[in-house]
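Hello,

Here is the structure I promised to pass on. My notes on it follow below.

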Amino acid sequence: MNNEFINTNWKRSAAFFIGGQFVSMFGSMLVQYAITWYITLETQSGVWMTLFTCASLLPMVIISPFAGVWADRYNRKYLINISDGVIAITTLILAILFMMGHNNIWLMLVVVTVRGLGQGVQSPAVSALIPQIVPPEHLMRVGGIQSTVQSLTMFASPMLAGVLLTFLPMEYIFFIDVFTAIIGISIVFFCVHVPRLEREPAAEGIKAYFNELKEGVRYIGGIAWLKILLVYATFFSICMTPASMLTPLQVARTFGDDVWRLTAIEIGFAVGMALGGIVISLWGGFKNKVHTMILACFMFGMTTLLFGIVPNFWVYLVIMLLCGLSVPFFSTPTQAMMQTKLDPAIMGRVFSVMMMMNGLAIPIGMLLFGPLSDVMRIEILLIVTGVLMLLSGFVISASKPLKAAGEPEILPSD
């Protein structure tokens, strides 16, 4: 579909791009874990976790429609580096303020909001840039490699964050993010070659800008399988909120508020994701991508249900690993299907809409489940949402347009 944008050294560019993103993401996740655990251990409050989640995700929702247009209008590599730079500068300011004694939670929420804006600009640009440098037939396996690299980051960053949070002041952890961002930006800027994407000249003015937004929405509205996928992904994101956002709070309340326990569950999830990424990159998934996604839905739903049942922390860790294993089975075929079947010139806007819907889903879930977690056991919320996700797997398996879109493309013979 977009082979004309692929250069002959795509493996080199893809390797440097994934490497640069790994370095930058490592520092960002280190800070994110440190802030999350700081708030969790200081407050042990579902309301505070809701505020933190909204501060992290709602800015992404607000900026995502604009970010999608920017990703389709401008140089995607530059957008990625600029957003990384803004996040690093914001973190540097927070580190300086902490050194001056201004170490309060509200200040963290403000900085997390700015970081969310930066991530909102970066995410659709990253998703839309990958098919510019990777041939369509390799997107599934490259997606698996990306998932594995992300998992390795998730494995190392919580472990290191737990150690650093025990022995160092928060400001020193913030400085790590600044240094890793500088390294990551340099790698992507100097070592990644992105072929020029031919675009229609963009009209100027606010009216033309919103016309481009409407064009992206109309494009989505004309594709049945894409509408179904976006709606389902939003519903699934709402249901997975207790498992993804409230399990640290559950562990602190049920098993003990030790930092090593929070570190252990994050490492268990990351190891599972790494294994899932390796499996999907070697296996490639079922012939029909949607079948792999359905498997992931059942796996995530069952593990969420088990989170609310098991009384032993070590068994809980094993289930957390299996939960992480399911994530690449859904995210990798979903992204590969969109990257191979969508128009490259409008891909940024489509990914931004998906990010906006998912970004709204988790705050909505936290607004519902966060306050509930302060008046009822989190285990009950996990059991209910686990059952809902299991039932939703049967719904998606009955979607004929989505299953048809998941079938592999028949390439013309030579």
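To start with one side chain: which residues does Phe174 touch, not counting residues up to four places away in sequence? Please keep in mind that this is a predicted model. Phe174 touches Val31, Ile35, Thr91, Leu94, Ala95, Phe98 and Met108, with that same exclusion along the sequence.

Nonpolar cores

Phe174 is also one of the residues with the most contacts inside the largest nonpolar core, a set of 93 residues. The others named for this are Ile35, Met170, Trp225, Leu226 and Met338. Helix α12 (residues 313–341) gives the most to this core, contributing 12 residues. There is also a second core, separate from it, with 21 residues, among them Ala14, Ala67, Val126 and Leu139.

Helix packing

Two helix pairs are worth a look. Helix α1 (residues 10–43) and helix α6 (residues 170–191) have axes that come within 8 Å and cross at roughly 165°. An angle over 145 degrees counts as roughly antiparallel, and α1 and α6 are therefore roughly antiparallel to each other. The crossing of α1 past α6 is left-handed.

The other pair is helix α8 (residues 224–239) and α14, with axes that come within 9 Å and cross at roughly 165°. By that angle α8 and α14 are therefore roughly antiparallel, and their crossing is left-handed. On the α8 side the contact is made by Tyr232, Phe235, Phe236 and Cys239. On the α14 side it is made by Thr385, Leu388, Met389, Ser392, Gly393 and Ile396.

Ser392 can serve as a close-up of this contact. Ser392 lies in helix α14 and is buried, with a relative accessible area of 5%. Leaving out residues up to four places away in sequence, Ser392 touches Tyr232, Phe235 and Phe236.

Salt bridges

How many salt bridges does the count come to? The count comes to four, and three of the pairs, described below, are Arg76 with Asp72, Asp374 with Arg253, and Arg377 with Glu379. As background, side chains of opposite charge can pair when their charged atoms come close.

Between Arg76 and Asp72 the closest N and O atoms are 3.0 Å apart. Are these two partners buried or exposed? Arg76 counts as buried because its relative accessibility is 3%, and Asp72 is buried as well, with a relative accessible area of 5%.

Asp374 and Arg253 meet through their side chains in a salt bridge with an N to O distance of 2.8 Å. The pair links distant parts of the chain, 121 residues apart. Asp374 sits in the loop between α13 (347–372) and α14 (378–397), while Arg253 belongs to helix α9 (residues 241–254). Asp374, at 35% relative accessibility, counts as partly exposed, and so does Arg253, at 37%.

In the salt bridge of Arg377 with Glu379, the closest N and O atoms are 3.4 Å apart. Here Arg377 is exposed, with a relative accessible area of 53%, whereas Glu379 is buried, with a relative accessible area of 9%.

That is what I have for now.

Regards

Terms used:
Residues are numbered from 1 along each chain as its sequence is written. This is a predicted model: local features need pLDDT of at least 70, side-chain atom pairs count only at pLDDT 80 or more; totals for chains, interfaces and linings use all residues. Side-chain values use heavy atoms; hydrogens and water are left out. Buried means under 20% relative accessible area, exposed over 50%, partly exposed in between (1.4 Å probe, protein chains only). Helices (H or I, at least four residues) and strands (E, at least two) are DSSP runs, numbered from the N terminus. A nonpolar core is a set of buried Ala, Val, Leu, Ile, Met, Phe, Trp, Tyr and Cys residues joined through side-chain atoms within 4.5 Å. Contact means heavy atoms within 4.5 Å. Axes are lines fitted to C-alpha atoms, for helices over the stretch in contact, and angles run from 0 to 180 degrees between N-to-C directions. Angles under 35 degrees count as roughly parallel, over 145 as roughly antiparallel, 65 to 115 as roughly perpendicular and the rest as oblique. A crossing is left-handed if the near helix is turned anticlockwise from the far one by less than a right angle, and right-handed if clockwise.
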